[in-house]
Amino acid sequence: MRLNPQPSLRVLLASLAVALLSLPAVAADPTGPGQAGYSSAGNRAAEKAFVDTLMAKMTLEEKLGQLNQPRGLGSDTGPAATAASDAQIASGAIGSILGSHGAALTCRLQHVAVEQTRLGIPLLFASDVIHGFRTLFPVPLGEAASFDTAEVRNAARVAAVEATAHGIHWTYAPMVDISRDPRWGRIVEGAGEDPYLGSAMAAARVRGFQGDDLAAPDTLLATAKHFVGYGAAEGGRDYNVADMSERTLYEVYLPPFKAAVDAGAESVMAAFNEVAGVPMHANRGLIEGVLRGQWGWDGVLVSDYTGVMELIPHGVAANREEAGRLALRAGVDVDMVSEIYLKDLPAAVRAGRVPMAQVDASVRRVLNAKYRLGLFDDPYRYCKDVRREQALTLNPQQRAAARRMAQKSFVLLQNDGGVLPLSKSLRTLAVIGPLADHRAAMLGNWAVAGRQEDAITPIEGLRAALGDRTRLLVAKGAEIEGDDTSGIDEAVRVARSADAVVMFLGEHPEMSAEANNRSSLDLPGVQQQLALAVAATGKPVVVVLLNGRPLSIGALQGKVPAILEAWFPGVEGGHAIADVLFGDVKPSGKLPVTFPRNVGQVPIYYAHKNTGRPPREGEKYTSKYLDVPWTPLYAFGHGLSYTTFHYDAPVVQRATLPMSGLQQQVSVRVTNTGKRAGAEVVQLYLRDDVASVTRPVKELRGFRRVELQPGESRTLTFPLGFDDLAMYDIDMRRVVEPGTFTVFVGGSSDDVQEARFDVVP
């Protein structure tokens, strides 16, 4: 049932009707903004007319209230802040709320905003829906390991359907920061080290969250964060400075944001870090210059938690008003939690220290977002149906999607001797490790409304898969942290009594994500000692890793036969792990980030520059280490299957490309040479061999998942065009230079076949 607008809103709608008479017919679509698509020129004209009419009625305080976002209860991710109150909402001092959800609560608060304020402007409810709402999917780093954009888009779509049923309009995801430092806790929240893969995942998740029509009541405003360079924080320490060249900024850190914007992202969040001495919450050059100017983006730029206020400790603002002036001038529209815009800018605007035009520009963008979501048409559309909330929460279809996503996210790092898959006819199976029955490790970080009782643990998944056929022998062996080794002997005894052993090792979820950075990448506590002691029994041993970052597990190579990277896999993680361990589902994930041998190699990533003295074995004065190889433990793109694949040499369609026709096709024949069916992620990399500036040794420019039966071959074709061949030249112009290009195709960045072609003037 459609709810009637409040009197103040009816006046605005009547005014809008008059304005619409002079617009093209499409703008006056009688279905209204809640039903019609919002992207046509006509609807944008209707949007402008509506917002113009509304803004003409607003006082300065009402405008600044639209830019104020306090926290809801239980939404702290930074310094303590005052939670939103009914009185504040009724006074018109709030435009959006962080962290409040639930159909009943959000509808109650929305009624206050619509019925008790002078103009009846609805609220936006925002939340960190990062990898699901109540139905938790794998953490984003795990999702990226699937190299499956369709599955990732579907995961975001499921999250949007569930979150909107609980009254949420706006998610602070996807995080699209590129990170090449696994010490940084928030690497778990992104897509890893590569800008091409990161861009593909960014676009998929934006499209999943926002759907095909933003005005539909099951779509979320997506937020690409954190703009920009946050993943380059020095020392891997959250909130730290990020110092980089302009070239690195444009080639590595900006592309995923451009992909998110091109996919239609309606929101972007500013980063905590500075870039080249300018904190991002005051960085007009990048926000207004690049994001809005060069890219033409017109969405809502939201601060991070107290990000505006933090311009003071950054040392670029002397007080709250100055911080607010800098942020608003830079193009930060919404002040999350600081309340600086609300409390400190009214006097500055009236005194002329802040132009009214800057306030109006930000208010317009916030009101545009509410219009595009259909909230002026029906402010309660996301929360009024409690039955929808119940039906769309953790239902069987959503759980099935989470299980499927988890299956595709797992990466088989090694499988010596074909230990995996395990047989379901084992008489006894030892289940060892501190994470074997750890529910929080299934949910991972940013669980939002997730509940531990929703999660299927590994041991529950194994029991469900095996039934009564196999007896499980269980030993914890060690805690996640600490130096207590007293449980190792019991674990060894249990392992010796079993036909095979599965160990669940890794990190607690609170060891990654925001503010959870580590100076070591080793398995925490005595888990490595536990693994080696159990492996020494000679039994078939499988280690399943549950973690939010790459770990330096080189000590297990050659000692532990099989290692499966399972990340933090979501509510269906236990079932999905069992599916893969017993071969009901074949592993197909690939690493979205390099695994170093030890933390001393960091930063380490596949798309490095060659240097003038590239590393060479046996030559001292080349770029390498004395105490460890320069190569990674596991390279970007690495991931095994239960079968094997053979790649023929790639074939380029044209040996020579004229600059006037930069269209190339690369074909490769892939064959399943094993005895089992399997899925492979075929990866294409490219290098500009000689250029006016140095280029990476290779860059990912395409990937494709292919499923093959034993003995089956398939030829895949990858198109290459200007964007794939282009680079920023010495003058930072985006160009394609003539010369030789090398194409690499294979199953990982370090296992490829090559071909070449020339670009000529």
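## Strand β6, its sheet and helix α7

In this predicted model, strand β6 (residues 267-270) runs parallel to β9, and three bridges join the two. One residue pair can be named: Met269 has Val302 of β9 as its bridge partner.

The sheet is open and has three strands, in the order β5-β6-β9, with parallel pairing. Its edges are β5 (223-227) and β9 (300-302), each of which pairs on one side only. Neighbouring strands are turned against each other by 25° on average, direction ignored.

Now to helix α7. It covers residues 149-165. At 1.5 Å a residue, its 17 residues should span 24 Å, and the end C-alpha atoms are 24 Å apart, so the expected and modelled spans agree.

Both ends of α7 have a feature to note. At the N-terminal end, Asp148 acts as the cap: one of its side-chain oxygens lies 3.3 Å from the backbone nitrogen of Ala150. Just after the helix, Gly167 takes a positive phi of about 90°.

How many of the 17 residues of α7 are buried? The count is 12, so the helix is mostly covered, where buried means under 20% relative accessible area. Among them are Glu151, Val152, Val158, Val161, Glu162 and Thr164. Alanines are on the list too, including Ala155, Ala159 and Ala163.

The cover over these buried residues includes the following helices.

| Covering helix | Residues |
|---|---|
| α5 | 103-116 |
| α6 | 140-144 |
| α8 | 195-210 |
| α16 | 386-391 |
| α17 | 396-409 |

Definitions and conventions:
Residues are numbered from 1 along each chain as its sequence is written. This is a predicted model: local features need pLDDT of at least 70, side-chain atom pairs count only at pLDDT 80 or more; totals for chains, interfaces and linings use all residues. Side-chain values use heavy atoms; hydrogens and water are left out. Helices (H or I, at least four residues) and strands (E, at least two) are DSSP runs, numbered from the N terminus. The expected span of a helix is 1.5 Å times one less than its number of residues. Buried means under 20% relative accessible area, exposed over 50%, partly exposed in between (1.4 Å probe, protein chains only). Contact means heavy atoms within 4.5 Å. A polar contact is a pair of N or O atoms within 3.5 Å; within protein, one must be able to donate a hydrogen and the other to accept it, and residues adjacent in sequence count only if both atoms are side-chain atoms. Two strands pair if DSSP finds at least two bridges between them. Axes are lines fitted to C-alpha atoms, for helices over the stretch in contact, and angles run from 0 to 180 degrees between N-to-C directions.
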